Amino acid sequence: PAASTGGHFVDWSGLLEAPAGKRGWVKAKDERLVFDDGTTVRFWGTSLVGTECFPTRAAADSLAKRLSRMGANLVRLHHMDAPWSKPNLFGNAASTRKLDSAALDRVDYLIMALKRRGIYVMPDLLVHRQFTAADGIPEGSTLGAKQVAIFSPRLIKLQQEFAKNLFSHFNPHTGLAWKDDPAIALTEC
């Protein structure tokens, strides 16, 4: 049995419907989450944090396969904006207003690999971003965006700009902008 499941004692990948998003968008209906076609969905998954959100292609494929065998159908992408993550969505540049194409390519490929296995994605948008003078915030911020961005109209505008740029970004591996991909099921900002 372990040999037939590739060295794992169990393989729950058959419980997942691939590709993720094939039943349409997830929405709240009463106290449940349902797809466009009315099918109820429950999510069980894990978080990838910081650098883990930007794996190589081989690592992304391996991770997606392993998570599917574990029956996970959701991955939260957390701290993609953290200055301590190497890389981060901004390429660890002085400004956090421009998305880094190399980092985006890695996370885009990860999203495709997960989607192909029936695993949905939940990117966190307001986590650890530290605003800088290069962003037009002369005093900067030593705290992450989650702690400070909800109080200042200027910081709220920068977060709106970031969300718009990220979700309008076209993922060449899925052929969809993030905003048009139902495999990107949830977010928090």
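## Strands and how they pair

Two strands are taken as a pair here if DSSP finds at least two bridges between them. With that in hand, let's look at the sheet, keeping in mind that this is a predicted model. Strands of a sheet can pair through backbone hydrogen bonds in either a parallel or an antiparallel way. In this model, 3 strands make up an open sheet, with the order β1-β2-β3 and antiparallel pairing. Which strands sit at the edges? They are β1 and β3, each of which has a pairing partner on one side only.

Start with β1, residues 26-29, and β2, residues 32-35: 4 bridges hold this antiparallel pair. One place to look is K29, which has R32 of β2 opposite it. On the other side, β2 is joined by 2 bridges to β3, residues 40-41, again running antiparallel. There, L33 faces V41 of β3, and V34 has T40 of β3 as its bridge partner.

## The two turns

Follow the chain from β1 to β2 and you go around a hairpin with 2 residues between the strands. D30 sits in that turn, and its phi is near 55°, a positive value in a residue that isn't glycine. For some background, most residues other than glycine have a negative phi. Is D30 buried or exposed? Its relative accessibility is 71%, so D30 counts as exposed.

The next hairpin links β2 and β3, this time with 4 residues between them. G38 is in this turn, and its phi is positive as well, at about 95°.

## Inside the core

In soluble globular proteins, nonpolar side chains tend to be buried together. The largest nonpolar core in this model has 31 residues, and those with the most contacts inside it are L77, L89, L114 and L166. Several elements each give at least two residues to this core: α1 (57-69), β5 (74-78), α2 (101-116) and α4 (153-168). The largest share, 9 residues, comes from α2. Apart from this core there is another one, of 9 residues, including V26, L74, Y120 and M122.

L77 is a good residue to click on. Leaving out residues up to four places away in sequence, L77 touches L48, C53, V107, L110, I111, V121, M122, P123 and D124.

## A64 and K115

Two buried helix residues are worth a visit. A64 belongs to helix α1. With a relative accessible area of 1%, A64 falls under the 20% cut-off and so counts as buried. What does A64 touch, beyond residues up to four places away in sequence? The list is A113, L114, R117 and I119. A64 also shows how the chain folds back: A64 and I111 are 47 residues apart in sequence, but their C-alpha atoms are 9.2 Å apart in space.

K115 is found in helix α2. At 14% relative accessibility, this lysine is also under 20%, which means it counts as buried. Not counting residues up to four places away in sequence, K115 is in touch with P19, A20, T174, L176, D181 and A183.

## Backbone oddities

Most peptide bonds are trans. This model has cis bonds to look at, including the one that joins A18 and P19, where omega is about -5°. P19, one of the residues that K115 touches, lies in the segment before β1. Another cis peptide bond runs from K86 to P87, with omega near 5°. P87 is placed in the loop between β5 and α2.

H79 lies in the loop between β5 and α2 too. Its phi is near 65°, a positive value in a residue other than glycine. Is H79 buried or exposed? H79 has a relative accessible area of 15%, so it is buried.

## The largest pocket

Rolling a probe the size of a water molecule over the atoms shows where empty space is left. How much space lies in the largest pocket? The volume comes to about 190 Å³.

The lining of this pocket takes in 14 residues, and L15, E17, F35, V41 and N73 are the ones nearest its centre. You have met V41 already, as the β3 residue opposite L33. By type, the lining is a mix of 6 nonpolar, 4 polar and 4 charged residues.

Key. Residues numbered from 1 in each chain as written. Predicted model: local features only at pLDDT ≥ 70, side-chain atom pairs only at ≥ 80, totals over all residues. Heavy atoms only, no water. 1 Å grid on protein atoms, 1.4 Å probe; cavity = no way out; pocket = protein on both sides within 12 Å on 5 of 7 lines; lining within 4 Å. Points joined across faces, edges and corners; volume = space filled by probe spheres on them. Nonpolar A, V, L, I, M, F, W, Y, C, P; charged D, E, K, R; others polar. Core = buried A, V, L, I, M, F, W, Y, C linked by side-chain atoms within 4.5 Å. Buried < 20%, exposed > 50% of the residue type's maximum accessible area, 1.4 Å probe, protein only. Contact = heavy atoms within 4.5 Å.
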